[in-house]
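Visitor: I should like a close look at a single part of this model, namely its salt bridges and the places they join. Please then set the pockets beside them.

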Amino acid sequence: GLKVVAISDYNTTIYKKDGIDVDAALKFAEGHGRTILGYKEAGCKTITPEEFWGLDVDVLFPAAMENQINEKNVDSIKARIILEGANGPTTVDADKVLCKKNIAVLPDVLTNAGGVVVSYFEWVQNLESFMWEEDEVDHHLNKIMTKAFDEVWDIHEEFKVPFRMAAYMLALRRIIKAKELRNIFP
């Protein structure tokens with residue numbers, strides 16, 4: 001199963017080889033200024049940011065700030081997959097290094113789009129003056145996000161390009177199609 005072995009925030013980074021109790025860490029942070037600084041759990045230790053980026057993990061999820069993955073830490077990254085949760089967490093130069101290292105980077109434009117999609121759902125619900133149940137929102141969100149991922153995956157496979165490029169290619173296809181459908185293509 002999935003286990004979270006490290007969490008980093010603006011104050012500190014914690015690590016536990018066997019997995020951190022994420023719910024307990026989040027609850028702690030809520031009562032302590034939104035930080036895990038001072039969080040105690042058996043087997044959990046504080047590590048440096050440099051150690052964090054160099055952990056031997058399957059998935060790395062940078063979810064806070066832009067340019068987190070950069071020329072200072074990219075060489076130490078060992079993760080096989082990076083899921084960009086923040087907007088622009090990887091610099092252009094670091095992205096090139098990750099491609100050379102064959103690390104799959106699922107770009108922010110795909111992986112953190114769920115919030116924008118749910119905002120759209122809220123807009124639609126406001127227009128119609130009714131409210132969807134949570135399971136209906138989840139159903140629609142899952143359908144849209146799965147379709148988007150599948151389309152990016154297909155382009156990635158067909159053209160043998162990184163996921164970021166595949167997402168850009170998909171976006172350009174959609175723009176061209178919209179222009180053609182609206183008869184505004186030059």
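Guide: In this predicted model, Arg164 and Glu84 form a salt bridge, with 2.7 Å between the closest N and O atoms. Arg164 belongs to helix H7 (residues 163–181), while Glu84 sits in the loop between strand S5 (81–83) and helix H3 (92–100), so the bridge ties together parts that lie 80 residues apart in sequence. Both partners, Arg164 and Glu84, are buried. The pair also belongs to a wider arrangement: a network of salt bridges links Glu84, Asp95, Asp108 and Arg164. In total, the structure holds six salt bridges.

Another of these bridges joins the side chains of Glu41 and Lys16, at 2.8 Å from N to O. This pair, too, links distant parts of the chain: Glu41 is in the loop between helix H1 (22–30) and strand S3 (45–46), and Lys16 is in the loop between strand S2 (13–15) and H1, with their positions 25 residues apart. Glu41 and Lys16 are both buried. For Glu41 the relative accessibility is 16%, and this residue counts as buried because the limit is under 20%. When residues up to four places away in sequence are left out, the contacts of Glu41 are with Lys16, Gly19, Ile20 and Asp21. The salt-bridge partner Lys16 is thus one of the residues that Glu41 touches.

A further salt bridge is formed within one helix. The side chains of Glu151 and Lys147 meet at 3.1 Å, N to O. Both residues lie in helix H6 (residues 134–159), and the four residues that separate them amount to about one turn of the helix. Glu151 has a relative accessibility of 23% and therefore counts as partly exposed, the range for that class running from 20% to 50%.

The pockets can now be set beside these bridges. The largest pocket contains about 1,400 Å³ of space. Its lining comprises 46 residues, and those closest to the centre are Ala6, Ile7, Ser8, Phe52 and Phe61. Strand S1 (6–8), S2, H1, helix H2 (49–53) and strand S4 (59–60) are the elements that each give two or more residues to this lining. H1 supplies the largest share, five residues. By residue class, the lining of the largest pocket divides into 26 nonpolar, twelve polar and eight charged residues. H1 and S2 therefore appear twice in this account: they flank the loop that holds Lys16, and they are among the elements that line the largest pocket.

The second largest pocket has a volume of about 380 Å³. It is lined by 16 residues, and Val109, Leu110, Ala113, Ala148 and Arg174 lie nearest its centre. Helix H4 (108–111), helix H5 (114–128), H6 and H7 each give two or more residues to the lining of this pocket. H7 gives the most, with five residues. The lining of the second largest pocket consists of 13 nonpolar residues, one polar residue and two charged residues. Two of its contributing helices have already been met in the salt bridges: H7 holds Arg164, and H6 holds both Glu151 and Lys147.

How values were computed: Residues are numbered from 1 along each chain as its sequence is written. This is a predicted model: local features need pLDDT of at least 70, side-chain atom pairs count only at pLDDT 80 or more; totals for chains, interfaces and linings use all residues. Side-chain values use heavy atoms; hydrogens and water are left out. A salt bridge is a side-chain nitrogen of Lys or Arg within 4 Å of a carboxyl oxygen of Asp or Glu. Buried means under 20% relative accessible area, exposed over 50%, partly exposed in between (1.4 Å probe, protein chains only). On a 1 Å grid over the protein atoms alone, a cavity is a set of points where a 1.4 Å probe fits but cannot get out, and a pocket is an open set with protein on both sides within 12 Å along at least five of seven lines; lining residues have an atom within 4 Å of a point. Grid points are joined across faces, edges and corners, and a volume is the space filled by probe spheres set on the points. Ala, Val, Leu, Ile, Met, Phe, Trp, Tyr, Cys and Pro count as nonpolar, Asp, Glu, Lys and Arg as charged, and the others, Gly among them, as polar. Contact means heavy atoms within 4.5 Å.
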